[in-house]
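Visitor: Hi, could you walk me through this one? I have a few quick things to ask.
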Amino acid sequence: MVSENGVNNKPNELIHVLMISFPGQGHVNPLLRLGKRIASNGFLVTFVTFEDFGRKMRESNSSISGEPVPMGDGFIRFEFIHDELKDDDPIKRDMDGHILHMESVGRRWVRDTLARMLQEARPVSCLINNAFLSWVSDEAEAAGLPSVLLWPQSCASFLIYYYFDQKLSAFPSENDPETNVEIPTLPLLKWDEIPTFLHPTTPYPSLRRVILEQIKKIAKPSCILMDTFYELEKETIDFTKKLLGKTSVRPIGPLYKKVVSGSSQVRADSCKVDTECLEWLDRQPNGSVVYIAMGTVVHLKQEQVDEMAAGLEAAGVAFLWVVKRPHPGMGFPPHVIPEGFLERVGDKGKIIEFSPQEQVLAHPAVACFMTHCGWNSTMEAITSGVPVIAFPQWGDQVTDAKFLCDVFGMGMLLCRGEHDKKIIPRDEVEKCLREAILGPKAVEMKTNALKWKVAANDAIVDGGSSDLNFRSFVDEIQKTGQNVLACANGQ
C-alpha cells in the first residue's frame, strides 16, 4: 500500500496504537477524531469500543470494519468488545452494575488482545482511553506500555474534578448543599454551576465514581490530551500544568476541525445522518436560523418540548430542530410534536432526528445554536463562531454554559440545569430567541463568537499552539513505538 505522500507503508510495519472508548456518542466522537489524526501521521490505529455501540456504527457506516482503512500516511481499523450480556439482561438497566461489568470484561479483553496482537506481529506501542475507562491505564502499566488519556471536557472541568478529589476547596455537601466554589483561575462558581455529578444528591453517583477514579490515577498516563485550545483557557491550562507536575498536559483541540485526508468516510454516527437539512438551510437567508440540538443523551420532558414549540412559533424565527428518539434503555417515550405545529410554521421550520452538526454550524444561514452545552457541541459552536442559547441539563454542561455566557461572552442562559426543577415557559423561550438573533445582545455575542473562531482556527494551523502540542505528542509515541517494534523483532 502506498500513502498519499508516496510512502510504501504496510499496516503491520507501522507503530501500533490501541484506543479504547466508553460506548457513547459524546465519548466516541472525540477519540475517533484523535485516532484518525494519529493514523494520518503514519501509524496503525486500532479503535475499540463495546459491541452494542459498535453495531450501530457498522449499520451507519460500511467503512467500520477490522480491515485497515487508509488514513493519510497510516491506517485505522476497528474491533469491538462484546460485553457477554444478552440485550435484555437486567444489568444493562443498572448503570453502576453495567459499568463495573464492562470494566471486568474490558480488562480481560485488553490482556488477551495485547497478547494476540503480539503474536500477529503488530505489537501495541501505546494505549489511549477516554475519561470513563481509567482501568485502561492499569492494564497498560501491567503490560509495561505507556498510556495516554484524552480528556473530552474543558480544562476548567478537569480542574474542578481534581480540586474536589483532592479536597482543595469547599464543595456542596449534605449539610451545606448551596456552597459556592472557589478555584484558582476560575470565576466564582455558584453551587449549581459545578458539574452536577459532584453534588451529594446526584442521581448518577456511578458517573461521579468513574470520573474520580480517573482523577485518582492521573499520574499513570504519560500524557493528558485535552480537546480544548490554549488561547481559550490559557491561565487554567498553565495552572493545571504546574499542579500536575510531571504529568504532561497538552491541549490539542478543536479536534473536529483538523482535516485529515480520507477521514470523511470513517464516522461513528449511532444512526443515519439527515443531510437533506443542508439543502433546506441553503434556502434560508444568512443569519436567520436557530439550530436546536440537545445531544444524544439529554431527554427533555414532553411538557418542555411543548413549551419550546410554542415559543418558536410565537417568535416567528426559522429553525432546524433535532428531535431524536430516546435510547431504548432509558425507558422514555418518544417526544410528540404538538398537533398542527409543522403545518403552521411551514417552510420556516424543519425537524430531523440526527444532524450533520459540524456542517450545520458552519452554514451561513445559522444565526445561533440552542444547545445542552456538552463539551463537543461547545467546541463546535466556538470554532464555528456561532452564538449559543444555553440550555444545560446535567454533568459538565452547567459549567460549560457558565463559561459560554459569562467568560467567553458568546451565549445567553435559558436554563440553569437539573437544579432549576422547572419547565421553561414559552414566553421566556420566545424572548430569548428574539434577543439571540436581533438587537444589541445578538451583535455582542456574534462579535465574541467570531473572535473565538479565529483563535480556534489559529490554534490548529501549522505552527499553532494545538498543532505544536500534537506534533510533540506524536514524536513521543514515535520514539517509544520504535523501541517496542525493535523488541518485537528481536533487535
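Visitor: Let's start with strand 5: how many of its residues are buried?
Guide: Happy to help! Keep in mind that this is a predicted model. In strand 5, residues 124-130, seven of the seven residues are buried, so to speak of it as mostly covered is fair.
Visitor: And which way does strand 1 pair with strand 5, parallel or antiparallel?
Guide: Strand 1 (residues 16-20) pairs with strand 5 in the parallel sense, over five bridges. Val17 stands opposite Cys126 there.
Visitor: How many bridges join strand 5 to strand 6?
Guide: Four, and those two strands run parallel, with strand 6 covering residues 147-151. Leu127 has Ser147 in strand 6 as its bridge partner. With helix 4 (residues 135-142), strands 5 and 6 make a β-α-β unit that is right-handed.
Visitor: New topic. At what angle do helix 5 and helix 6 pack?
Guide: About 85°, with the axes 10 Å apart; helix 5 spans residues 155-165 and helix 6 residues 205-216. That makes the two helices roughly perpendicular.
Visitor: Which residues meet there?
Guide: From helix 5, Phe158, Tyr161, Tyr162, Phe164 and Asp165 meet Ile211, Leu212, Ile215 and Lys216 of helix 6. By class, that contact has seven nonpolar residues, two charged and no polar ones.
Visitor: Last one: is helix 12 mostly covered or mostly open?
Guide: Mostly covered: ten of the ten residues in helix 12 (375-384) are buried, with Trp375 and Met379 among them. Those buried residues pack against several elements, including helix 1 (25-40), strand 12 (366-371) and helix 15 (440-460).
Visitor: What follows helix 12?
Guide: Gly385, with a positive phi near 70°.

Technical notes:
Residues numbered from 1 in each chain as written. Predicted model: local features only at pLDDT ≥ 70, side-chain atom pairs only at ≥ 80, totals over all residues. Heavy atoms only, no water. Axes fitted to C-alpha atoms, helices over the stretch in contact; angles between N-to-C directions. Parallel < 35°, antiparallel > 145°, perpendicular 65-115°, else oblique. Contact = heavy atoms within 4.5 Å. Nonpolar A, V, L, I, M, F, W, Y, C, P; charged D, E, K, R; others polar. Buried < 20%, exposed > 50% of the residue type's maximum accessible area, 1.4 Å probe, protein only. Pairing = 2+ DSSP bridges. Right-handed = clockwise from strand over helix to strand, strands pointing away.
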